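Subject: Structure for your review

Dear colleague,

Please find below the structure that I am handing over to you, followed by an account of what was found in it. I should be grateful if you would read the two side by side.

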Amino acid sequence: MEELALSYERIDVGGQYGQLNEPLYRAMNPNGLIPCLQDGDFILWESNTIVRYLAAQYGENTLYLSDAQQRASAEKWMDWVTSSIAAPFSAVFIGLVRTPPEQQDKAKIAQGMEQLNKLMAIADSALAKQAYLSGDKFGIGDIPLGCLAYGWFNLSIPRPELPHLQRWYQSLTQRAAFQKVIDIGIS
């Protein structure tokens, strides 16, 4: 929404805010998870689906590419983050940030790091050939990994040298939307 300069109201739920199990929220998202989007009478959940919808509805020829092959090429990175990156990233992030040190599962964190480093190398290889995961310019394919890359680059963890991923990430950090929504600290 920030990338598209849309007006919106953000309502914080989950964690310290609660409300995920409230009947009103469960009526919108029966999974009781975040995020959830209400656009007029239209309700949508699942983050990548929300990104696709907003891009198609409000970002034609900017975030949403009309060329089916270019769009699919960008969307594969969205799904790759969900299917491949999310689990090892969660093991590392939750293991290091949200778990007290005395309760951390060091083996699970190490396994997550090993997987994550291999996967980030895949993104680095793709970014050696193009400026963004979405192609020549920033697009929907960059949003999901950009969110997780913030944690990956800001956790005190050993990382392999991945210069193309680093260049890509630095370009994201210059975007106003990234600065407002993503670069808000790790918690």
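A salt bridge is taken here to be a side-chain nitrogen of Lys or Arg within 4 Å of a carboxyl oxygen of Asp or Glu. Please bear in mind that the model is a predicted one.

Salt bridges

By that criterion, the side chains of arginine 52 and aspartate 79 form a salt bridge, with an N to O distance of 2.9 Å. Arginine 52 belongs to helix α2 and aspartate 79 to helix α3, so this pair ties together parts that are 27 residues apart in sequence. Aspartate 79 is partly exposed, its relative accessible area being 38%. Through salt bridges with shared partners, Arg52, Glu75 and Asp79 are joined into one network.

The structure holds six salt bridges. One of them links the side chains of arginine 175 and glutamate 3, at 2.8 Å from N to O. Since arginine 175 sits in the loop between α6 and α7 and glutamate 3 in the segment before α1, the pair ties together parts that are 172 residues apart in sequence. Both partners are partly exposed: arginine 175 has a relative accessible area of 26%, and glutamate 3 has one of 27%.

A further salt bridge joins arginine 10 to aspartate 12, whose closest N and O atoms are 2.7 Å apart. Here arginine 10 is exposed, at 56% relative accessible area, whereas aspartate 12 is partly exposed, at 30%.

The nonpolar core

The largest nonpolar core comprises 45 residues, and those touching the most other members are Trp80, Ile85, Met120, Leu145, Trp152, Leu165 and Trp168. Two or more residues come from each of α2 (47-58), α3 (68-98), α4 (106-127), α5 (143-154) and α6 (163-173). The greatest contribution is that of α3, with nine residues.

Leucine 165 may serve as an example from this core. Apart from its neighbours within four places in sequence, leucine 165 is in contact with Met120, Ala123, Asp124, Leu127, Leu145, Trp152 and Phe153.

Tyrosine 169 is located in helix α6 and is buried, with a relative accessible area of 6%. Beyond the neighbours within four places in sequence, its contacts are Ala149, Tyr150, Phe153, Asn154 and Phe178. The C-alpha atoms of tyrosine 169 and leucine 145 are separated by 9.4 Å, the two residues being 24 residues apart along the chain.

The surface and the chain ends

Met1, Tyr8 and Val181 make up a nonpolar patch on the surface, together offering about 210 Å² of accessible area. Within this patch, tyrosine 8 lies in the segment before α1 (23-28) and is partly exposed, at 33% relative accessibility.

Glycine 185 is in the segment after α7 (176-181), and is likewise partly exposed, with a relative accessible area of 39%. Its C-alpha atom is 19 Å from that of proline 35, a residue 150 residues apart from glycine 185 along the chain.

The annotated domain

An unreviewed UniProt entry places the feature "domain: GST C-terminal" at residues 67-187. Over residues 67-187 the model is 68% helix and 0% strand, and the C-alpha atoms at the two ends are 38 Å apart.

With kind regards

Key: Residues are numbered from 1 along each chain as its sequence is written. This is a predicted model: local features need pLDDT of at least 70, side-chain atom pairs count only at pLDDT 80 or more; totals for chains, interfaces and linings use all residues. Side-chain values use heavy atoms; hydrogens and water are left out. Patches are made of residues with over 30% relative accessible area and no salt bridge: like charges are joined within 9 Å, nonpolar side chains (Val, Leu, Ile, Met, Phe, Trp, Tyr) within 5 Å. Accessible areas come from the Shrake-Rupley method with a 1.4 Å probe; for residues, only the protein chains shown count as cover. Helices (H or I, at least four residues) and strands (E, at least two) are DSSP runs, numbered from the N terminus. Buried means under 20% relative accessible area, exposed over 50%, partly exposed in between (1.4 Å probe, protein chains only). A nonpolar core is a set of buried Ala, Val, Leu, Ile, Met, Phe, Trp, Tyr and Cys residues joined through side-chain atoms within 4.5 Å. Contact means heavy atoms within 4.5 Å. UniProt positions are given in the numbering used here, feature names are shortened, and annotations may be inferred rather than shown by experiment.
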